[in-house]
Amino acid sequence: MFEQYNKVQKAVLETTLSIIIRKELQATSMALIAKESKVSTGSIYHYFSSKEEIINELYTAIVTYNGQFVQEGLNREGTIRERFTWGWEKVIEISRQYPEGFQFIEQYSFSPYIYEEVKQKAYNGGWCAPMNGLYAEAMEQKLFKEMDPKLLVQMHYGSIVYMMKSYLQGNTELTDAGIQQAIEVCWQGACRE
């Protein structure tokens, strides 16, 4: 997930993510990041001016990685229905593969720690904007009910998020059939009658 970063940056980002998931953001200090990453505080400050900058870079890196992964499904050649299914399958798959990234994004997407310009850039550069475009295309072709595509994507994502949280907490088994049923319910809920 952090392959584009140098060794020090990668260690800092991976360690910060791990600490935040275990202890929460407020308990994540630069000293703790330095200790657990085995990177000196001076080296950390060479690359990041503050804890907030690390958090924002972490957010950007995860959203960018997830966005590229999900867009593999959205950008495949196929019908709107197929791309809809492939896109949501990718959202679920990345959440299962990288549960810490999923948890971080879910917990901090609306946090004041994440700068507004970073949130907007991530939203447009991740998978949400392309998914919105797919939904708009479905509405133009009269497949989906007319409404704000962004709102409908967020409604579906909310359902997927709660399904994934239940799975990650061990409350729900997540089978391939269950995933397909969840995606089908989202599709049917959006379809014109």
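## Exercises on an all-helix predicted model

Helix α9 gives the largest share of the lining of the largest pocket, 7 residues. The model is predicted, so local features need pLDDT of at least 70 and side-chain atom pairs count only at pLDDT 80 or more, while totals for chains, interfaces and linings use all residues. Residues are numbered from 1 along each chain as its sequence is written, and side-chain values use heavy atoms, with hydrogens and water left out.

### Exercise 1. The fold

Task: State how many helices and strands the chain has, and what share of its residues is buried.

Solution.
- Step 1: Apply the rule. Helices (H or I, at least four residues) and strands (E, at least two) are DSSP runs, numbered from the N terminus.
- Step 2: Count. The chain has 10 helices and 0 strands. Its pattern reads α-α-α-α-α-α-α-α-α-α.
- Step 3: Take the extent. The C-alpha atoms fill a box of roughly 60 × 35 × 30 Å along the principal axes.
- Step 4: Check burial. Buried means under 20% relative accessible area, exposed over 50%, and partly exposed in between (1.4 Å probe, protein chains only). Of the 193 residues, 47% count as buried.
- Step 5: Check contacts (heavy atoms within 4.5 Å). Among those between residues at least 6 apart in sequence, 69% join residues at least 24 apart.

### Exercise 2. The annotated N-terminal span

Task: Find which residues UniProt lists for the "DNA-binding region", and describe that span.

Solution.
- Step 1: Read the record. The unreviewed UniProt entry gives "domain: HTH tetR-type" for residues 6–66 and "DNA-binding region" for residues 29–48. UniProt positions follow the numbering used here, feature names are shortened, and annotations may be inferred rather than shown by experiment.
- Step 2: Describe the domain span. Residues 6–66 are 79% helix and 0% strand, with end C-alpha atoms 20 Å apart.
- Step 3: Do likewise for residues 29–48. That span is 75% helix and 0% strand, and its end C-alpha atoms lie 13 Å apart.
- Step 4: Look at Q9, in helix α1 (residues 7–23). Q9 is buried, at 17% relative accessible area. Beyond neighbours within four places in sequence, Q9 touches Y47 and F48.
- Step 5: Move to I55, in helix α4. I55 has 0% relative accessibility and counts as buried. Its contacts, leaving aside neighbours within four places, are T16, I20, L25, F104, Y113 and I114. I55 and T15 are 40 residues apart in sequence and 11 Å apart in space, C-alpha to C-alpha.

### Exercise 3. The nonpolar cores

Task: Identify the elements that give two or more residues to the largest nonpolar core.

Solution.
- Step 1: Define the core. A nonpolar core is a set of buried Ala, Val, Leu, Ile, Met, Phe, Trp, Tyr and Cys residues joined through side-chain atoms within 4.5 Å.
- Step 2: Find the hub residues. The largest core has 34 residues, and F84, W88, I92, W127, M131, Y135 and F144 have the most contacts inside it.
- Step 3: Assign elements. They are α4 (51–74), α5 (80–97), α8 (128–140), α9 (149–168) and α10 (176–190). The largest share, 7 residues, comes from α9.
- Step 4: Note the other core. A second, separate core of 30 residues includes F2, I20, M30 and Y59.
- Step 5: Trace W88. Leaving aside neighbours within four places in sequence, W88 contacts W127, M131, Y135, V153, H156, Y157, I160 and I183.

### Exercise 4. The cysteines

Task: Explain why C128 and C191 form no disulfide.

Solution.
- Step 1: Set the limit. A disulfide is a pair of cysteine sulfur atoms within 2.5 Å.
- Step 2: Search. The whole structure holds 0 disulfides.
- Step 3: Take C128. Its closest cysteine sulfur, in C186, is 14 Å away, so the gap is too far for a bond. C128 is buried at 13% relative accessibility.
- Step 4: Take C191. Its closest cysteine sulfur, also in C186, is 11 Å away, again too far for a bond. C191 is buried, with a relative accessible area of 13%.

### Exercise 5. The largest pocket

Task: Name the lining residues closest to the centre of the largest pocket.

Solution.
- Step 1: Define it. On a 1 Å grid over the protein atoms alone, a pocket is an open set of points where a 1.4 Å probe fits, with protein on both sides within 12 Å along at least five of seven lines; lining residues have an atom within 4 Å of a point.
- Step 2: Take the volume, about 610 Å³.
- Step 3: Pick the residues. Of the 27 that line the largest pocket, Y59, S109, Y123, C128 and Q154 are closest to its centre.
- Step 4: Assign elements. α4, α5, α6 (99–108), α7 (116–125) and α9 each supply at least two lining residues.

Note on methods:
Points joined across faces, edges and corners; volume = space filled by probe spheres on them.
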